[in-house]
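Please go through this model with the report below. It takes the local features in turn, from ring pairs to cores and loops.

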Amino acid sequence: MTDFPPYPSGLRLAGRRVLVVGGGHVAQRRVPQLIAVGADVHVVSPHTTPAIEGLVGSGEITWHQRAFEDADLDGAWYVMAVTDDRPVNDHVSALCDERRIFCVRSDDASLGTAWTPAVGRHADVTVAVLGSPDPRRTAALRDEIVEGLREGTIAAPHHRDKTPGVTLVGGGPGDPELMSVAGRRALMEADVVVADRLAPRELLGELPHDVELIDVAKLPRGRSAQQDEINRVIVERALEGKRVVRFKGGDNFVFGRGYEEVLACRAAGVPVTVIPGLTSPVSVPAVAGIPVTHRGVAHEFAVVSGHLPPGHPESLVDYDALGRLRGTVVVMMGVENASQIADALVAGGRSADTPVAVVCDGTMPTQRTVLATLDTLAKQLEAEAVKPPAIIVIGEVVRVAHPDAFPAGG
Ligand code: SAH
């Protein structure tokens, strides 16, 4: 019997009783998948792992804290015998056979009447790989297929989403691995991609060749002229019936002028969606080993654009208030004005000894960190020839990350 392949079927378990006999690590892996499909999960086991207890505590599953009783099968549509006690699994699966309830066995899959596939999801498709006796192989195949779907190397070309409109996609700090799955999919489904210099550019090489790529760096210069041109292009292409992706570094709404594009689309009646990205003021320090918050050290962080110097008539930043802050100040686009910014923070009350880390080219092969204090920042930037893009992290979190460079705690 076991020589026949399994008959694949998608079980719709929402609201249906599923019995999991056993509360160990196998159950811990399976239960979340059952919750995700809406099943009414009952775990029977004298003990469970803390993770399963957590699901009980949050009311997502029911735990019967005792040994299995035959009546537990009443009303069950599907059963998992996943104890580490073989006779118990034997007993449960024998009873299931009698009652015609499909039963999965963790100790010996060949004895069960159902197998759990390696499952992956991509958009609205569920991928299930069944059949190899080696679970690592099934998992690897599943990963390969899901990855192919994500990257567009496996596609049903005539079925991809063709609804026209604009999608703002945040590409993260630069390393393509740090982009969201949703963002990647939107990119692969685009007819037109309008990309910035700081967007993860390696991904652009993977675009199908019929995709129109518009490089913003090549549009006419001048801040507003360029933005007007971007707004015009994305709206125009969407009105032609195309799917447009506006692709930027980090998150489009963090110093990315993303909302201006949203407004332009709305004004033209073009549907617009937003896929957030990992923003650099948080993620770039993180990859450099610096937390923006730390218990007992920083209970706040402020992200500031340094593109205008302190005191500039158009600056909206209150440097006096920032100088009084005890937490972390993260300055973006601040290399050029770093010296004046450091002075303004000290004038506002921040100690001149405050540790500073400047992370350049975050997540790129050329990434490096330059350490300084507010006092020495300008000198260090010059000595190290720091060029944008760089993130300037100011505050005691830098001392936490680099205790040797800033020994005298304070
Ligand atoms: N929307 C982007 C920020 C755009 S402003 C985001 O959410 O991250 C551009 C500034 O971001 C740069 O001047 C620099 O301060 C910072 N930046 C972006 N990517 C960076 C990176 N990989 N490494 C260092 N700084 C980066």
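Is phenylalanine 253 buried, partly exposed or exposed? This is a predicted model, and in it phenylalanine 253 has a relative accessibility of 40%. Phenylalanine 253 therefore counts as partly exposed. Tyrosine 259 also comes to 40% relative accessibility, so tyrosine 259 counts as partly exposed. The count of aromatic pairs is 1. In it, the ring centres of phenylalanine 253 and tyrosine 259 lie 5.6 Å apart. Their planes meet at 70°, so the pair is edge-to-face.

**Helix 7**

Helix 7 covers residues 258–268. Its buried residues are Gly258, Glu261, Val262, Ala264 and Cys265. Viewed down the helix axis, these buried residues fall within an arc of 165°, so they line one face of helix 7. Arg266 and Ala267 are exposed on the other side. Glycine 269 follows the helix, and its phi is positive, near 75°.

**The largest nonpolar core**

The largest nonpolar core holds 24 residues. Val358, Leu377, Val386, Ile392 and Ile394 touch the most other members. Several elements give two or more residues to this core, including strand 13 (301–305), helix 9 (319–324), strand 14 (328–332) and helix 10 (338–348). Strand 15 (355–360), strand 16 (368–373), helix 11 (377–383) and strand 17 (390–394) do so too. Helix 10 gives the most, with 5 residues.

Leucine 377 shows how these parts meet. With residues up to four places away in sequence left out, leucine 377 touches Ala338, Ala342, Val356, Val358, Ala372 and Ile392. Another core lies apart from this one. That core has 18 residues, among them Ala27, Ile52, Leu55 and Val104.

**Strands 13 and 14**

Strand 13 and strand 14 pair in the parallel sense over 5 bridges. Phenylalanine 301 has threonine 328, in strand 14, as its bridge partner. From strand 13 the chain passes through helix 9 to strand 14, and this β-α-β crossover is right-handed.

**Valine 43**

Valine 43 sits in strand 2 (residues 40–44). Its relative accessible area is 0%, so valine 43 is buried. Which residues does valine 43 touch, not counting those up to four places away in sequence? They are Val20, Gly22, Gly23, Val31, Thr48, Ile61, Thr62, Trp63 and His64. Leucine 19 is 24 residues from valine 43 along the chain, yet their C-alpha atoms are separated by 6.1 Å.

**Loop backbone**

Two residues other than glycine have a positive phi and are set out here.

| Residue | Phi | Loop | Relative accessible area |
|---|---|---|---|
| Threonine 363 | about 70° | between strand 15 and strand 16 | 16% |
| Alanine 385 | near 50° | between helix 11 and strand 17 | 43% |

Threonine 363 is buried, because its relative accessible area of 16% is under 20%. Alanine 385, at 43%, is partly exposed.

The loop between helix 11 and strand 17, where alanine 385 lies, also holds proline 389. A cis peptide bond joins proline 388 and proline 389. Its omega is about 0°.

Methods
Residues numbered from 1 in each chain as written. Predicted model: local features only at pLDDT ≥ 70, side-chain atom pairs only at ≥ 80, totals over all residues. Heavy atoms only, no water. Buried < 20%, exposed > 50% of the residue type's maximum accessible area, 1.4 Å probe, protein only. Helix = DSSP H or I, 4+ residues; strand = E, 2+ residues; numbered from the N terminus. Arc of directions from axis to C-beta. Core = buried A, V, L, I, M, F, W, Y, C linked by side-chain atoms within 4.5 Å. Contact = heavy atoms within 4.5 Å. Pairing = 2+ DSSP bridges. Right-handed = clockwise from strand over helix to strand, strands pointing away. Phe/Tyr/Trp six-rings, centres within 6.5 Å; stacked < 30°, edge-to-face > 60°.
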